[in-house]
Protein chains: 2
Amino acid sequence: MSASLQLNIEHVREAARFLDGQVVRTPTLRSAALDRIIGAEVWLKAECMQHIGAFKARGALHTVGRLSDAERARGIVTYSSGNHAQAVAWAARQHGIAAAVAMPTDAPSVKVESVQALGARVTFAGTTSSERKVAALAIAAETGAVVIPPFDHPHIVAGQGTATLELFEDVMTATGGETLDALVVPVGGGGVIAGACLVAATHRTQVYSAEPYGCDAMGASLEAGERVAVEPGPTLADGLKPVRVGELNFAIAQAAGVKPLRVNDEEIGRALITVLAHARVLVEPSGAAGVAAAIRGLAGGPRRVGIMLTGGNVGMDTVSELLSRYSLHPVRW
Amino acid sequence: MSASLQLNIEHVREAARFLDGQVVRTPTLRSAALDRIIGAEVWLKAECMQHIGAFKARGALHTVGRLSDAERARGIVTYSSGNHAQAVAWAARQHGIAAAVAMPTDAPSVKVESVQALGARVTFAGTTSSERKVAALAIAAETGAVVIPPFDHPHIVAGQGTATLELFEDVMTATGGETLDALVVPVGGGGVIAGACLVAATHRTQVYSAEPYGCDAMGASLEAGERVAVEPGPTLADGLKPVRVGELNFAIAQAAGVKPLRVNDEEIGRALITVLAHARVLVEPSGAAGVAAAIRGLAGGPRRVGIMLTGGNVGMDTVSELLSRYSLHPVRW
């Protein structure tokens, strides 16, 4: 773990140079209505507009791109609830490498179809992160494929951190050198928040984790002072259901003093519709969790708040359902 | 008209300098799925993320910002189906000027409420552009307010042109100096397309107008070789219903050799859902007309196509309705 903590913003900057021109420099969006609703100056990092519709493309391409020729020849395998699966399938295709993915049986069909369309072989394995990890390791043992972990890896963390690096750059450019007081990040396994912490540490920005109630592996671990497992309950945010956050990811978040926040499905659904109606961008439920947490409120009333919109892979059926529930009053006040 | 034709890209560049820092430099978006659907490399200019949710903020702020102190003291008045109304109300608020707006009785409530929230006084007048223009001129005659026309004015055209200027800049930056073969622009009165033509002329880019069937004031005029009036029929694209395009706007479009395209409501609705599902951005029906036209097909199979997403002011009820109709098959093939 001590080696893990040696990761810092220089590794993120190196990843940014490595990825330059290969990933989308996604826009940083403002919305006057969202500012009023949240009571702060809000800067949204729209990773829903990244390749494969999520920040995961960054870490996957960074990790896959650094494999040796011998490793590439063995093929790669991963496990994911959806977006990392798509990201690895995409990165593998970019590099002409064979890829296999273990996905949960309840993964949204929009994500499964996308993985298959990208040319990866899908195996279904249970509904928890542990079950699909076991399945992926079995494939690796059988075929010799290299495992690309979804979050607990320095190359993944540094790659995901590049999204936060761009967000801070955009804020500083637009404000003439000012920075964010707070940054809210949805947390599954902790890849994007660990990368965010490495960047935020150089800005004295308070980082908040946003997780669904019952799927709060990061919040529970931060409060316990050690990495603990949870039994993820049902949630609209299908991307935020790991049993455990990564060891490296937890160590970085703990050292950075991340404050945990939790939201429920109604808040996530309302946040998705609020972002759609006011910022005119489509996020998936997991991607709306940060906005949901910020709407609920951040301690101390930070003046300038960054929020990571982590992904946009959501079925139109889900959007339709949420619109029918929340469209007349996207937020409650 | 000959004086009008002296407008050129230098006026757009001057407007861009005038507006620098006061309007959003909206993102230029890519979508691999949209590329496949349209059969070209597609670059979307997301003016739905502009202030007040539409490109109209550019022309309005440019025109209002150039008023003299004496003119400001008289207040301003305009007429609009919605987005120009919001833009003028917003520009007036930015400059502390009183504003009145004549809007059609069938304007979407989301647009009317926004105008009122921005502090402008709304008068309802019929459903056609002619009726609301008469009402606005009556207000001007009575109060001495300065009329800010919605499209037929050099400052408006130059201001709207800045969106196209940014689009070409983004394409050239991303491609290492290449340009667009085609540019598709939804047309109401012709403000954004006239500005687009001034910019496209320096790139040898073919410009296409996209209008709803029955509301094809530009297409009918281009084909007649002179500016003609239409009786706008019902359309989902509430922003594209003028009786006539502007005189200046037509002259510029005609000189530039704009090719007219027409789309129906189903194509517009499917395009809106397609953009939402694949580019993850919310546009209003008028803003989806360019995508609808490009999906239908562009002559000669241009390789690199720019499409102006003109605005995003659409009620969640409309989005919900369109999702229920088209979400399972956002495009037909």
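**Sheets, domains and the A–B contact**

Colleague: In what order do the strands of the open sheet in chain B run?
Modeller: The open sheet in chain B has six strands, and their pairing is mixed. Two strands pair if DSSP finds at least two bridges between them. Strands are DSSP runs of E of at least two residues, helices are runs of H or I of at least four, and both are numbered from the N terminus. The order is β1-β2-β10-β7-β8-β9.

Colleague: Which are the edge strands of chain B?
Modeller: An edge strand here pairs on one side only. In chain B these are β1 (28-29) and β9 (259-263).

Colleague: What pLDDT do local features need?
Modeller: Residues are numbered from 1 along each chain as its sequence is written, while chains are lettered from A and ligands numbered from 1 in the order in which they are written. Side-chain values use heavy atoms, leaving out hydrogens and water; this is a predicted model, where totals for chains, interfaces and linings use all residues, side-chain atom pairs count only at pLDDT 80 or more, and local features need pLDDT of at least 70.

Colleague: What is the bridge partner of Pro212(B) in β9(B)?
Modeller: Strand β8 of chain B covers residues 206-212 and pairs with β9(B) in the parallel sense over five bridges. Pro212(B) has as its bridge partner in β9(B) Val263(B).

Colleague: In chain A, which residue of β9(A) stands opposite Tyr208(A)?
Modeller: Chain A has an open sheet of six strands in the order β1-β2-β10-β7-β8-β9, with mixed pairing. Its edge strands are β1 (28-29) and β9 (259-263). Strand β8 (residues 206-212) of chain A and β9(A) pair in the parallel sense over five bridges. Opposite Tyr208(A) stands Lys259(A).

Colleague: How far apart are the centres of the two domains of chain A?
Modeller: Domain bounds come from an automatic or database domain assignment. Domain 1 of chain A is 4-55 + 153-326, and domain 2 is 56-147. Taken over C-alpha atoms, their centres are separated by 23 Å.

Colleague: Which three residues supply the most of the area that domain 1 of chain A buries against domain 2?
Modeller: In chain A, 33 residues of domain 1 are in contact (heavy atoms within 4.5 Å) with 24 residues of domain 2. The two domains bury about 2,300 Å² between them, 59% of it on carbon and sulfur atoms. Buried area is the accessible area (1.4 Å probe) that two parts lose on being put together, summed over both. The leading three, with 27% of the area on the domain 1 side, are Phe18(A), Ile52(A) and His155(A).

Colleague: Which element gives the most to the side of domain 1 of chain A that touches domain 2?
Modeller: Between these domains there are six salt bridges (a side-chain nitrogen of Lys or Arg within 4 Å of a carboxyl oxygen of Asp or Glu). There are also 16 residue pairs in polar contact, both at pLDDT 80 or more. Two elements give two or more residues each to the domain 1 side, α1 (9-19) and α8 (154-175) of chain A. With eight residues, the most comes from α8(A).

Colleague: How many residue pairs are in polar contact between chain A and chain B?
Modeller: Salt bridges between chain A and chain B number zero. A polar contact is a pair of N or O atoms within 3.5 Å; within protein, one must be able to donate a hydrogen and the other to accept it, and residues adjacent in sequence count only if both atoms are side-chain atoms. Between the two chains, the count of such pairs, both at pLDDT 80 or more, is six.

Colleague: Which three residues supply the most of the area that chain A buries against chain B?
Modeller: Here 20 residues of chain A are in contact with 21 residues of chain B. The chains bury about 1,600 Å² between them, 67% of it on carbon and sulfur atoms. The three that supply 42% of chain A's share are Met49(A), Arg280(A) and Met316(A).
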